[in-house]
Amino acid sequence: MGLDPRLPESHILLSPHQMYAADTWAMQNGTSGITLMERAGKSVAEVATEMMPHNGDGTIIVLCGPGNNGGDGYVAARYLAEWGYTVSVMPISDIMALKGDAAIMARPWIGRTRPMDLNALKSADLVIDAMFGAGLDRDIEGDIAAVIEAVNEGSAVVLAVDLPSGLSGATGQVQGTAIQADTSVTFFSYKPGHILTPGRYYSGGIDNIHVVDIGISRDCLADIQVNTYWNTASLWQGAVFHPGPSSHKYDRGHVLVLGGREPALGASRLASLAALRSGCGLSTLACPSESYSIQATALTDVMVRRYDSSFGLLSIMADKRINTIVAGPGLGVGEKTTETILAVLNERRRTVLDADALTSLARQMVQLSDYSGQDIVLTPHDGEFKKMFPDISLDDRLSAARQAARQTDCVIVLKGVSTIVAAPDGRASIASNAPAWLSVAGAGDVLAGIIAGVLAQGLPLFESVSYAVWLHGKSGEVAGRGLIASDLLPAIAKSLP
Ligand SMILES: NC(=O)C1=CN([C@@H]2O[C@H](COP(=O)(O)OP(=O)(O)OC[C@H]3O[C@@H](n4cnc5c(N)ncnc54)[C@H](OP(=O)(O)O)[C@@H]3O)[C@@H](O)[C@H]2O)[C@@H](O)CC1
Ligand SMILES: [K+]
């Protein structure tokens, strides 16, 4: 039931605040809150039936919270009872204190309402978690934390309404403690917390998160400043370059990778080959004279040039067809690297700064904003990010990446299980397709190369970088378990959309 990622706009992620705006828009345009809640609760009940044995046996407990998430729970309980299931409601707060739509929806519930019983929760067949959704605004503690722990320890299959209780829909972080759901049903669109980790795992995994249509028109999006996207094809498919019969290799750009010295010679080779595999027309590796013969012997498809000073590098870059630079993989850390990077940046080409370039620049971030308006991509993993941005907390990775992008006026690729691409204008994408076995030596060098290879093709920056991150994840999936970084190179070609 999850949205088909090929559909237009299925990549949109709404924060809890933006989702409130969508609900409000629907209510102002003719669909009452009660109608939305009725549809939300009914779709939860429909998914619940798929999780129960087909003969209808088994017990269902619906945990209902103090707000509208609880209201959805009462509706789901009503439908399940009507359909013949053995269902009871266990409220976690005083029913008399319910307000608004939730109070209205609790009234027609004439089935069994029972006091909190942790043992019953542990032995139920299905628990529907309708405690908290978008309204969670602080850590869960005390008795409610004990309820969540009982559910997590118990044997029941768990269905979360909107979000597992305790999970922040905005950040994907756990607030105190959270329900570990097997399946989640959310409304209108995924929330960032479903795609980010650990939220994705608490929600049951991407394949088990259902997005249901509760009758909110997508016209509401015109009034909401959407700026967060799931990194799937519908986000970037318009930014993929498809060469035509008359296109020339120079139409697809020329990437220059700056290589370094022993012992890290493979890193720049991986980046230069990954660039070529990603569809750019030409790839050149520039390296110091001392490593020239090794690199030139190892590479057939990539041109190898030598440079021993920034001046030498600039004379290679005098070829204006070189439109994208990769600096970092195997480049070496230190002042010389910093000097080289700053010389390259002055040439105003699209530039990907990775690995050693990021470490070298860590104390020079102010200088990066001097290149404001240029297409610069920084690809830190957490360790590099902390060195570069010691004042930005990584507790909320999405906000952290956005803040760093704004501060540097660069696109930030914050690498991790759910790699985030953040643009200085506030847009961000979150990827969910990288397999665990992609975390292997050299995979980052390949990513830097893919990003450059895609950027060289000249399409819009944010979409291109998001596409490149997706392509990297897809290549990991295609290369399969036990992959090493060089396996990704042929896999890139097989993964091209
Ligand atoms: N009509 C609509 O808009 C529709 C909404 N829909 C549904 O509504 C959900 C959003 O509903 P919501 O805004 O009422 O918030 P919700 O998640 O129920 O929680 C709020 C309550 O929790 C409490 N609370 C918060 N944190 C807490 C904590 N740590 N520990 C303890 N208490 C805590 C907070 O208490 P307070 O801060 O007031 O003390 C408040 O009472 C959304 O996820 C979707 O499922 C759908 O039906 C579609 C139509
Ligand atoms: K919930």
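Two residues are in contact if their C-beta atoms, placed from the backbone, lie within 7 Å. Keep that in mind for the first stop, where two helices meet. What you have open is a predicted model.

**First stop: α18 and α19**

Select residues 443-455, which form helix α18, and residues 461-479, which form helix α19. On the α18 side, pick out V446, L447, I450, I451, V454 and L455; they meet S464, V465, Y467, A468, L471 and H472 in α19. Sorted by class, that contact holds ten nonpolar and two polar residues, with no charged ones.

Now turn the view until you can see both axes. They lie 9 Å apart, and the helices pack at an angle of about 135°, which makes α18 oblique to α19. The crossing of these two helices is right-handed.

**Zoom out: the whole chain**

Let's step back for a moment. How many helices and strands does the chain have? Its secondary structure comes to 20 helices and 17 strands. The radius of gyration is 26 Å, close to the 23 Å that the globule rule gives for 497 residues, so the chain is as compact as a globular protein of that length. Along its principal axes, the C-alpha trace spans about 80 × 45 × 40 Å.

If you colour by burial, 52% of the 497 residues count as buried. Contacts between residues 24 or more positions apart make up 74% of the contacts with a separation of 6 or more.

**Second stop: α10 and its partners**

Keep α18 on screen and add helix α10, residues 265-277. The axes of α10 and α18 are 7 Å apart, and the packing angle is about 35°. This crossing is right-handed too. From α10, the contact uses A267, L270, A271, S272, L273, A274, A275, L276 and R277; from α18, select D445, V446, A448, G449, I450, A452 and G453. The class count here is eleven nonpolar, three polar and two charged residues.

Next, bring in helix α20, residues 488-495. Its axis and that of α10 are 9 Å apart, at an angle of about 15°, and the two helices are therefore roughly parallel to each other. Here α10 passes α20 in a right-handed crossing. To see the contact, show L273, A274 and R277 of α10 with L489, I492 and A493 of α20. This contact has five nonpolar residues, one charged residue and no polar ones.

**Third stop: K191, a lysine in a loop**

Jump to K191, in the loop between β6 (183-187) and α7 (192-195). Is K191 buried or exposed? It has 32 C-beta neighbours inside 10 Å and counts as buried, since 20 or more is the cut-off. Leaving out residues up to four places away in sequence, K191 touches L13, L14, S15, P16, M19, L163, G169 and T186. For a sense of distance, add G41: it is 150 residues from K191 along the chain, and their C-alpha atoms are separated by 18 Å.

**Fourth stop: P245, out in the open**

For a contrast, go to P245, in the loop between α9 (233-236) and β9 (254-258). P245 is exposed, with 4 other C-beta atoms within 10 Å. Draw a distance line from its C-alpha to that of V147: the two residues are 98 positions apart in sequence and 63 Å apart in space.

**Last stop: some backbone oddities**

Most residues other than glycine have a negative phi, and most peptide bonds are trans. The spots below go the other way.

- T197 to P198: this peptide bond is cis, with omega near 5°. You will find P198 in the loop between α7 and α8 (199-202).
- E262 to P263: here is another cis bond, again with omega near 5°. P263 sits in the loop between β9 and α10.
- D162: this residue is not a glycine, yet its phi is positive, at about 70°. Look in the loop between β5 (157-161) and β6. D162 is buried, with 29 other C-beta atoms within 10 Å.
- R348: phi is near 55°, a positive value in a residue other than glycine. The loop to select runs between α13 (335-345) and β13 (350-353). R348 counts as exposed, with 12 C-beta neighbours inside 10 Å.

Key:
Residues are numbered from 1 along each chain as its sequence is written. Chains are lettered from A and ligands numbered from 1 in the order in which they are written. This is a predicted model: local features need pLDDT of at least 70, side-chain atom pairs count only at pLDDT 80 or more; totals for chains, interfaces and linings use all residues. Helices (H or I, at least four residues) and strands (E, at least two) are DSSP runs, numbered from the N terminus. The radius of gyration is taken over C-alpha atoms; the globule rule is 2.2 Å times the number of residues to the power 0.38. Axes are lines fitted to C-alpha atoms, for helices over the stretch in contact, and angles run from 0 to 180 degrees between N-to-C directions. Angles under 35 degrees count as roughly parallel, over 145 as roughly antiparallel, 65 to 115 as roughly perpendicular and the rest as oblique. A crossing is left-handed if the near helix is turned anticlockwise from the far one by less than a right angle, and right-handed if clockwise. Ala, Val, Leu, Ile, Met, Phe, Trp, Tyr, Cys and Pro count as nonpolar, Asp, Glu, Lys and Arg as charged, and the others, Gly among them, as polar.
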